Amino acid sequence: CRLNGQKVLGEATLSEDPCVKCTCSGHKLTCTKRSCPVLQCPLSKQIRTPGECCPRCNDRREEIHRGSPMCILGKAVHFPGKPYHGDQCSNCTCQNGTSVCEKSTCPILECALEDQQREPGECCPSCPMPAEFRSTCAAAGKVYQNNETWSLNACTSCECRAGEVRCANIQCPKKKCGPNETLLSVSGECCPRCVESPAVCTVFGDPHYKTFDGNFYSFQGSCKYQLTADCVGHTFSIRVTNDARLTKYSSWTKTVTLKLEGVKVNLGHRMRVKVNGTRVEPPYRLNQTLDIHRSADGTEVIVETALGVKLSWDGLNFIQVQVPTAYKGKLCGLCGNYNSIFRDDLFTRAGLNMTHNVWRFARSWAVGGPKACTRQRKKELAARHPQCKTKKLYPLCKPLRTAEVFGRCNSLLNPDNYFASCKFDMCECPHRQCYCDSMAAYAHECVRQGVQLPDWRTLTGCSRNASGLLPPAARAGGGPLLLLEPNAIDAGILQQLPGGNSIRRHPKRLRRPKLIEQREQQGLELDLPLHLTHDRKHHKLLHHPLYRKQQLQQQQQQQQQKQQQNNIPLQPISGNRRTPPPLQR
C-alpha cells in the first residue's frame, strides 16, 4: 500500500493529523482516527506537543472533598442530574463525582492541520475551499510538481496534491527480541529489527546456569561435567569441576578446562592459567589460535579463540561462554543445545528430555568417574533436596530490586531469577558475601545489554578482597597482576619469551630444607627469603632429622667446652632416645 508516496507494510500516520492511523492489510489501506478524551482542565491550561494526537493538562489535579457529589470540568462545577457540554463535541453527565461524556468523532480531512478551520459552535473542523488550483508545491526551498513524491528520511515520505504537501510517517511496532537477538537499526530502513547475536551461557554462584537459549536452572553437583562442546564437528569442548567445599547441599565451580585441537587451557582458582600444563601469565598469545588477557578492570581472565569461542572466568565462580551463530544447533552439555528454543535445553547425553528432572539431566553430562567428585554418592543424592535453615541474610539480596542500584536494568532484564538464586546461595554460605555472586552475574548481563550502572559494588558492600589479587599499591607500577602464593616458599620466576609472552614456573616447595649455619661460622652471605631467616620457628625444620642432628652436634660441642673448663668427665650424648630406668620390684 502507498500513503502520500510512502510505502506502507504495517502501520503509518498522517503528518497533518497524528490522530489518523492507517493499516495496510491485503493490499488495502484502512485508516482510523483516535478520539481524544475530555480534559478536566480549562483550555488555557491544555498543551499539545508536536507530533502527538491529543492535548494534555499542564497543571496537576487536586482532589477536593465536598459533602455532596459534584463534578468539576474546566472552570465549572456540575451536579448530578443535569447534562452539560464538556467541549464542542461532547455531552456529559455527572455520576458519583465523575464526568461521563459521549464525544463525536470527526471525519478525516485531507488538508493540513494548520489549514483546518472550525466555525463557532461546530464540533468538527473543515478544509477551506481552494481559491485556485495550484499545480506545484514548495517545501524546504524546493518546488515539486503535482502528484510528485519525495522522501524526507527512511520513515517519512511526502506527496504534492493540488498545491498541498501531504506526508506520511511509518509507525514502528514495539519488538521484543529473543535471548540471542539484539535490536539494531539498519541503514536505509526505518524500523529497527532483531539481529541474531552470539549466544551466551552463564554460570555463577552455587552453580546456577543460564543456557544459550535463556533457560534458567540450578544444580549443586560436586563432580566434573561437560559445560558445552561441539558435538557435530568436535572442534572444542569446555569442562568444569565443581567443589562441595565441605558443605552438604552446595558446590562452587573450582576449575574450567578448554580443549581445542592440540591446545588445552586450564583456568584455576584466583585466575591461575595453564596452557598445555605450563603456567602462563596473561597477556598470552599462541600462534593466532589463542589469546589470553585480562579484562579492563582486571577482574576476569578472558580466553578468545580463532573459532570465535570466548570464555570469561573471574577466578571464583563466574563463567561466561560466548559462541558465534555458526554453532547453532551443534552444541550439547549443561549449557543446552543452542537452537533458540529454551524448552528443550535439558536433554541428556542419551537424547532424553529431562526438563522435570534437572539432576538426571546434569549427571548424564558428568565426566571423569567417581574420582572426580568431592562428595560421596550418598551425600550427593542428599544434595538434591537442599534445606535452608536460616533466612536472616535474605535482606542482603534486596538491592537486585532496588531502583538506586539496578533500576536502569530492571525494565530490560527481569531480576527475579537472580533474586531467587541469591536467596538460595545465602542458605549455606561459608561467608556473608555469597549474595555478591548473583549481583555480579546480573550486573554483567546488564552491561552486555548496554546499560550503564552505578558503582554497585560500593552500594551493596561487595568487595573483591577474597579474589587473591594484590592490593593496588603493590601493582601501581603498571606491571602485570600477580597472584598471592600462600603455600609456596618462593614466589616463582617470570620468564620472558621472544613473542612477548611470560611463562610462570610453579613455585617449588622446600622438601629437604638445608641447614642454616650461623653466618659467623660459615662466613657466607645467604640470599634467602625473609620468612626463612628464623629457621628455628619454621615448623618443617623443627622436626627434620638433619636439623636435630645439627642440634646434637652443637650440644656435644658445648659439653666438651664445659668439660675442658671443669675437668669433669661426662658421657657423650647419643642420637637415640634415652630409655627410662627399669622399674624396681
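**Entry 1: I72**

I started at I72 and found this residue in strand β8, which covers residues 71-73. The model is a predicted one, and I kept that in view for the later entries. I then looked up how much of I72 is accessible: its relative accessible area is 33%. I72 is therefore entered as partly exposed, because that class lies between the 20% limit for buried and the 50% limit for exposed. I also checked whether I72 belongs to a surface patch, and I noted that I72, V77 and F79 make a nonpolar one of about 250 Å².

**Entry 2: the chain as a whole**

I took the totals next. The protein chain has 585 residues, and 37% of them count as buried. I listed nine helices and 37 strands as its secondary structure. For the accessible surface I wrote down about 36,500 Å², with 51% belonging to carbon and sulfur atoms. I also looked up the contacts with a separation of 6 or more, and 46% of these come from residues 24 or more positions apart.

**Entry 3: helix α4**

Which residues of helix α4 are buried? I found Y418, F419, S421, C422 and D425 in this helix, which runs over residues 416-425. I then asked how these residues are placed around the axis. They lie on the same side of α4, because the arc they cover is only 160 degrees. I looked up what covers them as well. The cover includes three strands, β20 (199-204), β21 (208-210) and β22 (216-218). Helix α5 (435-448) is also included in that cover.

**Entry 4: K392**

I went on to K392, which sits in the loop between α2 (377-382) and α3 (403-410). Is K392 buried or exposed? Its relative accessibility is 72%, so I entered K392 as exposed. I also looked at K392 together with C427, a residue 35 places apart from it along the chain. Their C-alpha atoms are separated by 9.1 Å.

**Entry 5: confidence**

I closed with pLDDT. The average over the protein chain is 76, and 76% of the residues score at least 70. I marked two stretches where the value stays under 50. One is residues 502-540, for which the model has 64 contacts beyond four places in sequence. The other is residues 568-579, with nine contacts beyond four places in sequence. Where pLDDT is low, predicted coordinates should not be read in detail. I left both stretches at that.

Definitions and conventions: Residues numbered from 1 in each chain as written. Predicted model: local features only at pLDDT ≥ 70, side-chain atom pairs only at ≥ 80, totals over all residues. Heavy atoms only, no water. Patch = residues over 30% accessible without salt bridge, like charges linked within 9 Å, V, L, I, M, F, W, Y side chains within 5 Å. Areas by Shrake-Rupley, 256 points an atom, 1.4 Å probe, with all protein chains shown as cover. Salt bridge = Lys/Arg side-chain N within 4 Å of Asp/Glu carboxyl O. Helix = DSSP H or I, 4+ residues; strand = E, 2+ residues; numbered from the N terminus. Buried < 20%, exposed > 50% of the residue type's maximum accessible area, 1.4 Å probe, protein only. pLDDT = per-residue confidence, 0-100. Contact = heavy atoms within 4.5 Å. Arc of directions from axis to C-beta.
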